[in-house]
Amino acid sequence: MSAVLSTTPIKNSQIDDPIAVVGRGNTATAHLLRRLTGAPVVELTPCEAAMAGDDTSRYQAVVVENFEPRDRRTLSPCAVARWELSRRAGVTVVALDDGEGRRTARAMRGRVFAYSDGRPQADLTAKNVCLRRQRVEFEALTRDDLLRVRVPRGQGGLYESLAALAAAVALGVPLEQAAQRLNQS
């Protein structure tokens with residue numbers, strides 16, 4: 001994969017601009033993002049995101065939850081939404097752990113901040129993942145930092161935590177500060 005990912009966080013976003021989370025709605029990712037960034041978070045289903053074409057809203061980031069199994073013969077609803085919303089976002093946050101996410105990262109015109117469970121070309125990579133009875137633990141690796149993250153059970157799984165952490169880091173929250181907020185129950 002050619003390096004199209006950006007490792008420089010956005011620092012000029014307006015705090016009033018919301019973060020869009022495209023997924024099933026009422027997700028752990030959105031809940032965690034509110035806690036990590038303090039920014040408003042708008043949750044959209046893929047259909048709502050795709051239909052938002054005439055909306056003039058600007059988003060600090062679009063976080064696409066593309067970590068669910070799907071029918072590989074068709075383009076997922078999240079892929080359609082990703083293309084639509086990314087035109088109005090400072091950054092699109094996407095997982096590289098499926099083919100669709102990797103294709104999107106290569107093809108996006110705007111800025112992409114990628115996360116992964118093990119792919120070193122991602123901007124944020126989870127290493128040494130351990131699913132414990134009371135929490136999920138992993139080492140969060142960026143170009144500049146490596147630290148242990150512990151997410152209490154019930155706060156979200158590995159991918160929800162990675163998506164929220166990646167968006168926070170992409171928006172300029174230091175990894176250590178974001179990880180401390182994740183560690184809190």
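## Salt bridges, sheet and cores of a predicted model

The count of salt bridges in this structure comes to 7. The model is a predicted one, and the description below moves from these charged pairs to the fold and its nonpolar interior.

### Charged pairs

Three of the pairs are set out here with the distance from N to O.

| Acidic residue | Basic residue | N to O distance |
|---|---|---|
| Glu43 | Arg34 | 3.4 Å |
| Asp97 | Arg119 | 3.9 Å |
| Asp144 | Arg143 | 4.0 Å |

Asp97 belongs to the loop between β4 and α4 (99-107), whereas Arg119 belongs to the loop between β5 and β6, so their salt bridge ties together parts that lie 22 residues apart in sequence. Asp97 counts as partly exposed, because its relative accessibility is 26% and the partly exposed class runs between 20% and 50%. Arg119, at 29% relative accessibility, is likewise partly exposed.

In the pair of Arg34 and Glu43, Arg34 is partly exposed with a relative accessibility of 37%, and Glu43 is partly exposed at 24%. The pair of Asp144 and Arg143 lies in the exposed class: Asp144 has a relative accessible area of 59%, and Arg143 has a relative accessibility of 58%.

Salt bridges also form a network, which links Arg132, Arg135, Glu137, Arg148 and Arg150.

### Fold and sheet

The protein contains 6 helices and 8 strands. Read from the N terminus, its elements follow the order β-α-β-α-β-α-β-α-β-β-β-β-α-α.

An open sheet is formed by 8 strands, with mixed pairing and the order β2-β1-β3-β4-β5-β6-β7-β8. Its edges are β2 (41-44) and β8 (146-152), each of which pairs on one side only. On average, neighbouring strands of this sheet are turned by 20° against each other, direction ignored.

Within the sheet, strand β4 (residues 89-95) and strand β5 (residues 112-116) run parallel and are joined by 4 bridges. Thr92 has Val112 of β5 as its bridge partner.

Helix α6 (residues 175-183) lies across β6 (124-131), β7 (135-141) and the edge strand β8, and runs at about 20° to β8.

### Nonpolar cores

The largest nonpolar core comprises 38 residues, and Leu124, Phe138 and Leu165 have the most contacts inside it. Helix α5 (residues 158-170) gives the most to this core, contributing 10 residues.

Which residues are in contact with Phe138, leaving aside its neighbours within four places in sequence? The contacts of Phe138 include Leu158, Ser161, Leu162 and Leu165. Also among them are Ala126, Lys127, Asn128 and Val129, as well as Leu147, Arg148, Val149 and Val151. Arg148 therefore appears twice in this description, as a contact of Phe138 and as a member of the salt-bridge network.

A second core is separate from the largest one and has 8 residues, among them Ala20, Ala49, Tyr59 and Ala89.

### Whole-chain values

Of the 185 residues in the protein, 50% are buried. Among contacts between residues at least 6 apart in sequence, 57% join residues at least 24 apart. The accessible surface comes to about 9000 Å², and carbon and sulfur atoms account for 47% of this area.

Methods: Residues are numbered from 1 along each chain as its sequence is written. This is a predicted model: local features need pLDDT of at least 70, side-chain atom pairs count only at pLDDT 80 or more; totals for chains, interfaces and linings use all residues. Side-chain values use heavy atoms; hydrogens and water are left out. Helices (H or I, at least four residues) and strands (E, at least two) are DSSP runs, numbered from the N terminus. Buried means under 20% relative accessible area, exposed over 50%, partly exposed in between (1.4 Å probe, protein chains only). Contact means heavy atoms within 4.5 Å. Accessible areas come from the Shrake-Rupley method with a 1.4 Å probe; for residues, only the protein chains shown count as cover. Two strands pair if DSSP finds at least two bridges between them. Axes are lines fitted to C-alpha atoms, for helices over the stretch in contact, and angles run from 0 to 180 degrees between N-to-C directions. A nonpolar core is a set of buried Ala, Val, Leu, Ile, Met, Phe, Trp, Tyr and Cys residues joined through side-chain atoms within 4.5 Å. A salt bridge is a side-chain nitrogen of Lys or Arg within 4 Å of a carboxyl oxygen of Asp or Glu.
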